[in-house]
Amino acid sequence: MIRSLAVVGTGLIGTSVALAAARRGVTVHLLDASASAVRTAELLGAGTAGPPEEPVDLAVLAVPPSKVADVLSEQQARGLARSYTDVASVKAGPERDVLARAPRPTHFVGGHPLAGRERSGPLAARPDLFQDRVWVLTPSRLTSKPAFDRALDLIGLCGGVPTVMQSGAHDETVALTSHAPHLMASLVAARLGGRSPVSALLVGQGFRDATRIARGEARLWTDIIETNAAEVAGVLTALQTDLTELLTAVQDLSVRDPRNRARSRRNLTGLLERGIAALEALPAPLAADTAHVDVTITARPGELARLLDTAAGYGAGADTVAAPVAPHGGDGPLVIRFELAAAEAETLAEKLAAAGWDVVHEDDVRDETGPALVGAPG
């Protein structure tokens with residue numbers, strides 16, 4: 001049973017792990033090179049910033065794949081935990097590095113929760129992010145039973161579904177199911193760059209659905225692709241073959257060549273039908289008319305979590321927070337900005353103000369009167 005946990009890296013995944021564990025009564029310690037990220041996670045109620053005084057049961061390394069072995073070595077040298085796991089989306093390369101360099105590789109087991117969002121950072125974190133989601137463990141030939149069992153306990157705390165794989169098989173699979181799709185989404189999204197402003201008016205739900213994941217943090221994704229480059233290259237090569245066949249079919253249809261038209265139509269229809277069979281449910285489009293609601297809170301631990309819990313009751317989750325925590329005068333008050341549909345923003349502002357929060361509601365398109373003061377400090 002895990003009673004104490006350390007999370008190294010308080011981004012989306014790390015903070016979500018910390019939130020889930022903290023809500024189950026686990027003592028959580030938060031570490032990150034970014035002081036603002038740790039502070040935000042602490043204000044969300046994810047744990048206490050800073051290292052523990054004695055080794056915790058398990059440390060979760062929520063760092064990019066290329067950093068796993070280095071961070072593990074550093075934290076094992078300082079005696080942070082009895083066992084260690086990670087949450088990186090590439091496993092074989094980090095495993096090789098851990099076996100070669102880590103002081104105690106037996107105390108480590110690789111892990112990858114298959115959950116995430118297009119947003120990044122601690123404000124995008126959710127305690128239920130891993131609920132009923134597959135969480136892969138990739139034990140090496142040296143992984144000890146206590147390390148494996150503690151990782152299983154963590155998955156249970158977070159509501160995940162444990163699955164055991166070899167690291168190489170994992171990387172081959174996610175190259176197809178995660179890494180290549182992200183690159184394809186980025187390629188399509190990049191095609192919009194440099195076009196006239198009118199083009200943006202014609203961006204429909206299909207484009208948003210196809211490119212949603214391209215919003216992922218670029219440097220992190222560069223690290224992921226580089227660490228799994230061989231497997232991703234294999235998928236891209238296969239896609240290149242498919243794209244060549246598709247291009248031939250579309251070119252035939254563009255010139256209306258009667259000799260190849262029937263065959264090209266069949267090829268195109270077959271591709272579309274295969275795609276339809278694999279479609280997943282996609283989120284609704286963002287509302288065109290948006291507004292933001294600014295809420296000033298005190299910098300007390302848990303205060304941000306209390307605000308988000310209140311806002312969630314009126315349909316505004318953490319995913320509607322459009323700006324990072326912004327301190328005023330060092331350790332003074334913080335301003336949290338919610339961005340959502342105009343009608344929903346108005347309702348949220350009224351409800352939060354009635355609950356005693358310090359609220360300012362402003363439409364994205366400002367008029368000469370400026371923002372309307374909806375509430376005052378309670």
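Which element gives the most to the lining of the largest cavity? In this predicted model, the answer is H4, with four residues.

## The cavity

The structure holds one cavity of 30 Å³ or more. The volume of the largest cavity is about 90 Å³. Its lining is made up of 13 residues. Those nearest the centre are Glu-95, Phe-108, Gly-110, Thr-138 and Ser-140. Two elements, H4 and S6, each give two or more residues to this lining.

Sorted by class, the cavity lining has six nonpolar residues, four polar and three charged.

## Helix H4

Helix H4 covers residues 92-101. Its buried residues are Ala-92, Gly-93, Pro-94, Glu-95 and Val-98. Glu-95 also lies among the residues nearest the cavity centre.

What do the buried residues of H4 pack against? Three of the partners are helices: H3 (68-78), H6 (167-190) and H9 (218-227). The others are strands S6 (108-113) and S7 (134-138). S6 appears again in the cavity lining, alongside H4.

## The second largest pocket

The model also has pockets. The second largest has a volume of about 290 Å³. This pocket is lined by 15 residues. Ala-125, Arg-126, Pro-127, Asp-309 and Ala-318 lie nearest its centre.

Which helix gives the most to this pocket's lining? Helix H12, residues 303-312, does so with four residues. By class, the pocket lining has eight nonpolar residues, six charged and one polar.

Notes:
Residues numbered from 1 in each chain as written. Predicted model: local features only at pLDDT ≥ 70, side-chain atom pairs only at ≥ 80, totals over all residues. Heavy atoms only, no water. Buried < 20%, exposed > 50% of the residue type's maximum accessible area, 1.4 Å probe, protein only. Contact = heavy atoms within 4.5 Å. 1 Å grid on protein atoms, 1.4 Å probe; cavity = no way out; pocket = protein on both sides within 12 Å on 5 of 7 lines; lining within 4 Å. Points joined across faces, edges and corners; volume = space filled by probe spheres on them. Nonpolar A, V, L, I, M, F, W, Y, C, P; charged D, E, K, R; others polar.
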